[in-house]
Amino acid sequence: MALGCAYFSRPDNVIAPGHAGAPGVKRFLLCAPNTVIALPAELQDVTGSLREQVDAYLHFHGRQAQWLNLYDSRRLWAEATAAAKQKGAVDKTPAFFAERLDQLYDFDAIIMPSLLVHKVRATDGGAAWDGVDRQMQLLNKPARPIGGQDTFAEGVAQGGVTGDVLATSVHVLVFSRTGERIFEGRGGFAFVHDADMANAKKWSYQFRIRDLAGDIDAMREGIAIAFDPYLPEVD
Amino acid sequence: MRPRATALALVVLCVIGCAGPRLARPALDGWHSVSVNDIRIIANGTAEETRALARDLAGFDAAFAFLIGRQIPATGPTTIALIRDSGLKHRFRLDRGTLGYAFTTLDGSLSCVGLDHPGQTRHVLLHEYTHLLLARHHDARVPRWYNEGLASFFETLAYRDGALVVGAITSDRLVGVVKRKPMPLAKMFGGDREATLRGQLISDFYATSWALIHYLMQTPKGRRELSRFERELAKGTPLEQAREAAFARPFPQLDSELAVHIGYLAHGVAAVSVLDPKQIAIAEPPAAVPVPRGEVARELGAIALALGEESADEAEDDGGISSLASELLGIAVAEDPTSARAGAALARARALDGDADGSGEAIAAALRAAPGDVQVQLAAGRVALAAQDDGEAQARFRSAIALDERSPSAWYGLGRALARAGDAKSALEAFTRARRLGWSSPLDLELGRLLVAARRADEARALLQPLAADPHGGAIGKKAAELLEELDAPAEP
C-alpha cells in the first residue's frame, strides 16, 4: 500500500529517448541554482546546500561537476536570450546558451537546477507531491487541551494544518552540448513553513519559515527523484 | 522549605521594586564587535556570525551605491546592537512583532535588532539600516512610500552562489501585490495617513511602495529616475516638483507600467539585480573581536539611555527602558569604576529613572574625576534639566560649549534650558545653532514649536512636515502633525 501511494504521486519527469542513465556523459556544467526561475527571498540561504547535495549526487553517480556562479550564469543566459531574440527564435535560447558555454568550458551536458515554490493541499498536516509525502511540523504544540472556545486551534493541535500551504520541489533541466533539452524532472523537497502554535489561544497558528538548508535528508530525496530516470534513484 | 523560600523571594522582589526582570548575568557575555564603513556592530553572537553581518552591511553599502548611483555620507557614528538573549530582547522591546528599530540622535545613529534565524536577522538589519541611511538627509522631506519601499527592496539583499542578489521577493509580498492589485500611484504619492494607512490600505500601501521601487530598480533608466528623485528631495525641492522632475510622466502611465511589471512577477520571472562582488567595491570587514562585559553594558546602556530620553520627552516610556539603562550603566560602572563617562551616563539614567539622589551622587563624582570632559558636562546639564534646575543646566551646557563649540547636543541642551526659563528668542538661536551642526527629530520638533509660536510658518513647515510624514515617527510625528494643524488654523481675530 505504501509503495502504491508513493508510485501514485511520482512526478512526470520527461526524458528524451536513449538518455536514461546519461550514457556517455562524464562531465556536467551546472548553472547556479535558480538562474532563470524566481527564488523567493526567504529561500536564498538554501541554494548553497542545494549545490552541495546536487554535487554529491553527481559524484555518487561517478560524474564530474563544474559550477558557474550566479552572476556568470545570468549574464550568459541573458546574452543567449538577446541573441535568440535577434534571430527571431526565442525558443532557441538554450542552443545559443550552449554554444556560448561550449566556447568557454569543457563539458558533456548542462544542468540547470532550481528550487520551485508552489501550493499543495495539506490534510491534517500531511501532503504528497512530486514523489514525496511530508508531515508539517507543529511547533510549541500545547501539552494540554487548549480549552475555552478555541476549537480551531484545538483541531490543529490534534490533527495538523488543513488547507493550501507552500511547498518546495527540486527542479532540474538537462541540455546536451548543443542545447537540446534531454531531460526535465522534479522531486518534492519540503514544506516552506512549520506551524507554530505558541499563540494557540488567539484562535490561530502562525507559519514559521523552516530551516530548509539544514533539512538535508529531505533535500537528497528530492534531488534523487528529480534526476530519475536520467540519473536513476538508487533504493 | 521550598514554598516558604519562594514566597520570601517574591516579597523581596516586591519590596525592592522591579520594572522588569533583572538581567541574567550570561546576557552580557559572549558578545563580539566589528566596524565596517564607520558602522559599529555589537552582537550577542559568535565572531563568525558578527563578521558575517558586517559583510552583509558592506555588501549593502556597495550595492546601494551602485544601484542608486551615489553614497549618502555618514553624519555621525552609527552603532547597531544585535541581541539574542530573550530576556534582554524583551527589555529592549524586541518582541510582540517588533523585530528591530532604528533612530537618530544628535550624538549618532542607533539601532537594535533581534538576533534570530540568520535570514530573518539579515532582513531586519538591512531594513533598519536603510532607514538610518535615508535619515541622513536631514533637510529632505523623504516621503513615506519611498522610505518604506526602498527599505523593503534592500532588506532581501543576500550573497548567493558567488553573487550579490538584490530585490528578491518574499512569497507573502508577491501574493499580496498580485491578489490585492497595487494602490493607484496618485494616492500612494499624495494620500495622507487617512487615505493610505487605514485597515487593509496599510498593506496595499506597503506592497505598492515596494513594487514601484522594485520596478524602477530593474533598469538603468528607472534607477536614474529614483536617484534623481532622491537628489531633488535632498536639495529641498518640494515633493510634487521632485516627482515631476524625476519621473516626467503622468500617474496613469506609471500605473500601467507597474501593472505590467507585476504581471511578470506573477509569472515567476526572476526579476532581481545580480551583482558581481568582484566588480563593485565591497569593503572587507576585519575579524570580529570579543567585547568585555563592561563595554557591552556601556554600549547597550547608551542605547537604552538614548531611547529612554527620547521616550521621556514624549511621555512614551513606562519606566522599563529607563530602569534598563540604569541597570546596564550600573554594571558598566561596576566593571570600570574609573570611567567618568560611564559614571556620567549612569547619572543621566538614574535621573531618567527618577532617582534624584543617586543621580546627583553619580554626576558629582564624574565632575570631580573629569571636569574637562565635554561628555561629562553634557551629562551634568541633562541631569540638571531633569531636576528642573534651569540655571545649573544653562551653566553646564555653556561649559560644554566652551569645551566643544561644535557639539550639537550642547546647543540643543542650552536651547531647552533657555526655553524652559522662558527665553524663547535665545532658545531659538541655540536650537538653530544645534540644527546647523546635527539633526534629531526632537530637535526639529522643539525648533518647529518655537517657530510656530513665532508665526514663522514656512520655516516651521519645512521642519515639521518630514516629522509628521515619518512612518516610524511615533509621538513626535503626532505632535508635529498637531503643530502643523495649529499653523494652518485661521488666526484669531
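Two residues count as being in contact when their C-beta atoms, placed from the backbone, lie within 7 Å. With that in hand, welcome to this predicted model, in which local features need pLDDT of at least 70, side-chain atom pairs count only at pLDDT 80 or more, and totals for chains, interfaces and linings use all residues. Residues are numbered from 1 along each chain as its sequence is written, and chains are lettered from A and ligands numbered from 1 in the order in which they are written.

Let us start where the chains meet: 21 residues of chain A and 19 residues of chain B form the contact. On the side of chain B that touches chain A, α4 (118–134), β6 (158–160) and β7 (163–166) each supply at least two residues; helices (H or I, at least four residues) and strands (E, at least two) are DSSP runs, numbered from the N terminus.

Next come the domains of chain B, with bounds from an automatic or database domain assignment.

| Domain of chain B | Residues |
|---|---|
| Domain 1 | 27–136 |
| Domain 2 | 139–277 |
| Domain 3 | 293–387 |

The centres of domain 1 and domain 2 of chain B, taken over C-alpha atoms, are 23 Å apart. Their contact draws 16 residues from domain 1 of chain B and 20 residues from domain 2 of chain B. On the domain 1 side, α2 (47–68) and α4 of chain B each supply at least two residues.
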